[in-house]
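Q: Please take a close look at one part of this model, the nonpolar core and what surrounds it in chain B. Start from a single residue and work outwards.

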Amino acid sequence: MNQGSVTEVAAVADARRATRARPGTPSRRTGAELLARLAVRLVVPGALVALWWWASTLPDLQLYVVSPPTAIDRFINDFLSSDPSRLFLGDAAHEDMLPSVRRALAGLAVAVVVGVVVGTALGISRLLSAMAQPLIHLGRSLPSPALLGVFFFVFGTGDEPKVLLIAFSIVWPILFNTVDGVRSIGEVRSQAAQVFRIPDRDVLFRIILPGASPKILAGIRTSLSLSLILMIISELQKSENGLGYRLVQSQRIFDYGGFWAVLVMLVVLGLVFNIAFTIVERRLLAWHRGATQQND
Amino acid sequence: MTEHVLGSEVPELQLTGVSRRYGDNLAVRSIDAAIPAHKISVIVGPSGCGKSTLLRMISGLDTPTDGEVRFEGAPVRGVPEGLAMVFQDYSRSLYPWMRVDKNVAFPIRRLPAAERAERVRFAIEEVGLKGKESLYPWQMSGGMQQRVAIARALASHPRLLLMDEPFASVDAQTRADLEDLVMRIQAELGITVLVVTHDIDESVYLADRIFVLSTPPSVVAEVIDVDLPRPRDHVSTKTEPEFVRIRGHVTSLLRRPDADAEGAHGSLVASTAAGEIA
């Protein structure tokens, strides 16, 4: 960027500022381009739905695989309602989906707090990091669903073992990314902070955490998808509600329509989680998207 | 080697026998230097001669293994108050998640809001970035980013401004502009400026006093006072016989084979007519 003329860069900068809020957003696209992009994105999902539909007509699978319209019909029946006072959610949503989401989010919250706090400490202190290294690699490489029994044993059969299993399983990407992010702040930025005699508190909250935030959020994104998986796994045993419980129950009574409706619900949940996360990330990391597009 | 005697002015910064050893490796050896107050001093030397090590010790980021650094009469232990620094690598010393005004205000966050706003406004105007307050650093050219770094240093009202190869990462035209900017600001505010560079032209153009370092383990090979009239400019100053003479002299000092233990002078930058001797 050095050799580019100053006025040119300034002009680009001004133009960007005019669009405000989101630096780095590409300029407006035409409707046709937008449609074409959408079409490209729908090819693979479309093919998968077609495959599903086809499978539902096969004599061997018919019993277990319901057709997409049936599944969606059941989904609407079970999980949605027309009652605004129930937030337009059906019985299955209130009884099973919301408790599941609560557990996943509680697990995620615990994982974020523990991952960021411990990760920051380990990122700052080489000594702590060296001391914790073996334990962390042990924890990371344990197949955590195998520990479900241990969690039940230690924490009883309520929500706690489930939330803690989710947290324990998904904390690692956040932890490792935080360590990495904190270390990537760079010698010069820390030196600048030292020269300007910035108090430790400001160094932590205004330099280290913002500087590490792109990596931390990348870790949280991975953990978010994992949290849904672990949510289901934690509810397969010793559960009284939840989507995992519903999956097992519907199979036990050969209610495959109900089973597929839960799968549809999971897809919708995954999408909602992802969209929500993307919105948060865009707000927090507007500077980073722009910075990486410009310089690297 | 000439032992330089100061004028009447008390030195802002006094280095006495400063050495820094890393293991068996002696980076700088017994440096004596008196940096005069309210002037621009330049430390010039070949790459890897310990200039940055020296600057780190002056700023209190590092401590000498021998000798002492005194700032305004008091020995330097830790970063002293009244000192600010501009780093070579603006893209890594600025904070990309803060807009320009926040970057400039950051070192003085603890001041009352009104005073902080006033200082930021002044510093940004001083470096010619009025109207760019709400840009992010990465939306600007390298030269403009380095201006932000200078503004950030000025906002803390330093009495001593240290600059570590401040213009090594920008193009020649921008570099010339920034050199003039620093001289104008120094003249206006009367602060003491200490620049470290490997560029001989730049050292002569900026300096009231030049400290020429030898190759490592570095010592001060010579102290040269530059009496070229101010204000200086890139055309007339650089064609003055005195400028040409001093530049030639510094060049010859840095190229002198006997001052050079390992022949590491290849990295030396002399922008024009390097071998010229007056």
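A: In this predicted model, Ala221(B) is a buried residue, because 21 other C-beta atoms lie within 10 Å and the cut-off for burial is 20 or more. Ala221(B) sits in strand E10 of chain B. Along the sequence, 29 residues separate Ala221(B) from Val250(B), and the C-alpha atoms of the two are 9.9 Å apart in space.

Val250(B) leads to the core itself. The largest nonpolar core has 117 residues, and Val250(B) is one of those that touch the most other members, together with Val104(B), Ala151(B), Leu162(B), Ile210(B) and Val212(B). The element that gives the most to this core is in chain A: helix H7 (residues 159–183), with eleven residues. Within chain B, domain 1 (1–78 + 160–170 + 190–262) and domain 2 (83–157) each give residues to the core, so the core lies between these two domains. Another core lies apart from it, with 15 residues that include Val65(A), Ala92(A), Ala93(A) and Phe259(A).

Leu162(B) can be followed further. Beyond its neighbours within four places in sequence, Leu162(B) is in contact with Leu55(B), Ile58(B), Ser59(B), Leu83(B), Met85(B) and Leu194(B).

The division of chain B comes next. Chain B is divided into domain 1 (1–78 + 160–170 + 190–262) and domain 2 (83–157), and their C-alpha centres lie 26 Å apart. Twelve residues from domain 1 of chain B and twelve residues from domain 2 of chain B take part in the contact. On the side of domain 1 of chain B that touches domain 2 of chain B, strand E7 (residues 160–164) of chain B supplies the largest share, five residues. By class, that side of domain 1 of chain B has eight nonpolar, two polar and two charged residues.

Strand E7 also belongs to a sheet. This is an open sheet of six strands in chain B, ordered E6-E7-E8-E3-E9-E10, and its pairing is mixed. Strand E6 (83–86) and strand E10 (220–225) of chain B each have a single partner strand and stand at the edges, so one side of each is left without a neighbour in the sheet. From one strand to the next, the twist averages 15°. Strand E3 (residues 40–44) and strand E9 (residues 209–213) of chain B run parallel and are joined by four bridges; Ile43(B) has Phe211(B) as its bridge partner in E9(B). Helix H1 (residues 51–58) of chain B packs on the sheet, where it touches E3, E7, strand E8 (192–197) and E9 of chain B, and its direction makes about 155° with that of E7(B).

On the domain 2 side, Ala123(B) offers a second view of the core. Ala123(B) is placed in helix H4 (residues 113–126) of chain B. This residue is buried, because 25 other C-beta atoms lie within 10 Å. Not counting residues up to four places away in sequence, Ala123(B) touches Val104(B), Ala151(B), Leu154(B) and Ala155(B); of these, Val104(B) and Ala151(B) are among the core residues that touch the most other members. The C-alpha atoms of Ala123(B) and Ala153(B), 30 residues apart along the chain, are separated by 8.6 Å.

For chain B as a whole, there are nine helices and ten strands. Of its 278 residues, 49% are buried. Among contacts in chain B between residues at least 6 apart in sequence, 72% join residues at least 24 apart.

Notes. Residues numbered from 1 in each chain as written. Chains lettered and ligands numbered in written order. Predicted model: local features only at pLDDT ≥ 70, side-chain atom pairs only at ≥ 80, totals over all residues. Core = buried A, V, L, I, M, F, W, Y, C linked by C-beta atoms within 7 Å. Buried ≥ 20, exposed ≤ 12 C-beta atoms within 10 Å, placed from the backbone. Helix = DSSP H or I, 4+ residues; strand = E, 2+ residues; numbered from the N terminus. Domains from an automatic or database assignment. Contact = placed C-beta atoms within 7 Å. Nonpolar A, V, L, I, M, F, W, Y, C, P; charged D, E, K, R; others polar. Pairing = 2+ DSSP bridges. Axes fitted to C-alpha atoms, helices over the stretch in contact; angles between N-to-C directions.
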